[in-house]
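Reader: Please give me a close look at the largest pocket and what surrounds it. Take your time and keep it all in one go.

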Amino acid sequence: MKYKIVSFLFLLIFLSSCKDDNQKRIAENEKDAKKKEVIFSNIKKGWVFYDTPINTAAEESVGSWNELRLFLAELAQKPNKTIGAFQQKSTAISKKAMALNENLPLQFDKPQIKSRISTLITKVRLLDLYIHLDNIPDKKVVVLIAEINKELASLQRQMDIIVEKSKIPLEEGESELKKMMDASRAIPESSPVINDQNISRVE
C-alpha cells in the first residue's frame, strides 16, 4: 500500500513539473515570436533603398553600365512577407554589388570610383552578414541600409564630377603636357647602384 502511495506521489510531482516545463516553453516561444515580429517590422520599415539615379551622369550610365542597372533594379524589389525573403534579397543585392567591379565603363575606370565601389560592397556584404545571424541586430541592419544609400549617392556624385570634368575643353598644349606627365609616371623609378669599391674611406 505504501509503495502505491509513494508511486502515486512521484507521478503527481512528475506531471506537475512537466506541466511547468510546458508552460515555460510556451511562454518562451511566445516571447521569441514577439521579438521576431518586432525585428521583422523594424527591418521592413527601414528597408528603403535609393534605387533610382540621382543625377544625369548616373542616369545615362545605367544605359551602358549593365552591372549598375542590375544593382539598382535589385534594390528596387522590396521583399515583404518573411524575414527569409529579406535574407534572400540581401544575398542577391550582395552578388549584384560585387559585380559592379566588372566591366566598368572606361570613363569610370578610375581609383576614385573603384574606392567608392569597394566601400559600397563592404557595406552591402555586412548587411548580408547581419541579416543572416540567428539573433538579427535589426537596428544595425537599418543603420547599414542608410549607409549603403549614402555610399551609393557618393558613387553617383563622383561619376557626375568625372563627366563634368570631361566636358571642360582642354587648353592649348594641355593634352601634350598630360601625355608627358603620364609617360613620366610610366617610367619606373630606379635607385642608383652604389659601388662600394669606388667610395674612398676617410680614416
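**Around the largest pocket**

Author: Start with α1, which gives the most to the lining of the largest pocket: five residues. Before going on, this is a predicted model, so to speak with rules attached: local features need pLDDT of at least 70, side-chain atom pairs count only at pLDDT 80 or more, and totals for chains, interfaces and linings use all residues. Residues are numbered from 1 along each chain as its sequence is written, and side-chain values use heavy atoms, with hydrogens and water left out.

Back to the pocket (an open set of points on a 1 Å grid over the protein atoms alone where a 1.4 Å probe fits, with protein on both sides within 12 Å along at least five of seven lines; lining residues have an atom within 4 Å of a point). It holds about 160 Å³ of space, taken as the space filled by probe spheres set on the points. Two elements give two or more residues to its lining, α1 (2-46) and α4; helices here are DSSP runs (H or I) of at least four residues. Going round the wall, you meet Asp32, Lys35, Lys36, Ile39, Phe40, Ile83, Gln87, Leu133, Asp134, Asn135 and Ile136. That's a mixed bag: five nonpolar, two polar and four charged.

Now zoom in on Gln87, one of the lining residues. Gln87 sits in helix α4 (residues 83-98), and because its relative accessibility is 19%, it counts as buried (under 20% relative accessible area, with a 1.4 Å probe and protein chains only). Skipping neighbours within four places in sequence, Gln87 is in contact (heavy atoms within 4.5 Å) with Asp128, Ile131, His132 and Ile136. Ile136 is in the pocket lining too.

Phe40, also on that lining, leads somewhere else: ring pairs link Phe40, Trp47, Phe49 and Phe86 into a cluster. Rings of Phe, Tyr and Trp (its six-membered ring) pair if their centres lie within 6.5 Å, and the whole structure has four such pairs. One of them, Trp47 with Phe49, is edge-to-face (planes over 60 degrees apart), at 5.4 Å centre to centre and 90 degrees between the planes. Trp47 is buried at 3%, and Phe49 is buried at 7%.

How far to trust it? The mean pLDDT (the predictor's confidence in each residue, from 0 to 100) is 80, and 70% of residues reach 70 or more. Helix α5 (residues 111-131) has the highest mean among the elements, 95, and helix α7 (residues 174-186) the lowest, 60.

Note on methods: Buried means under 20% relative accessible area, exposed over 50%, partly exposed in between (1.4 Å probe, protein chains only). Rings of Phe, Tyr and Trp (its six-membered ring) pair if their centres lie within 6.5 Å; planes under 30 degrees apart count as stacked, over 60 as edge-to-face and the rest as tilted. Ala, Val, Leu, Ile, Met, Phe, Trp, Tyr, Cys and Pro count as nonpolar, Asp, Glu, Lys and Arg as charged, and the others, Gly among them, as polar.
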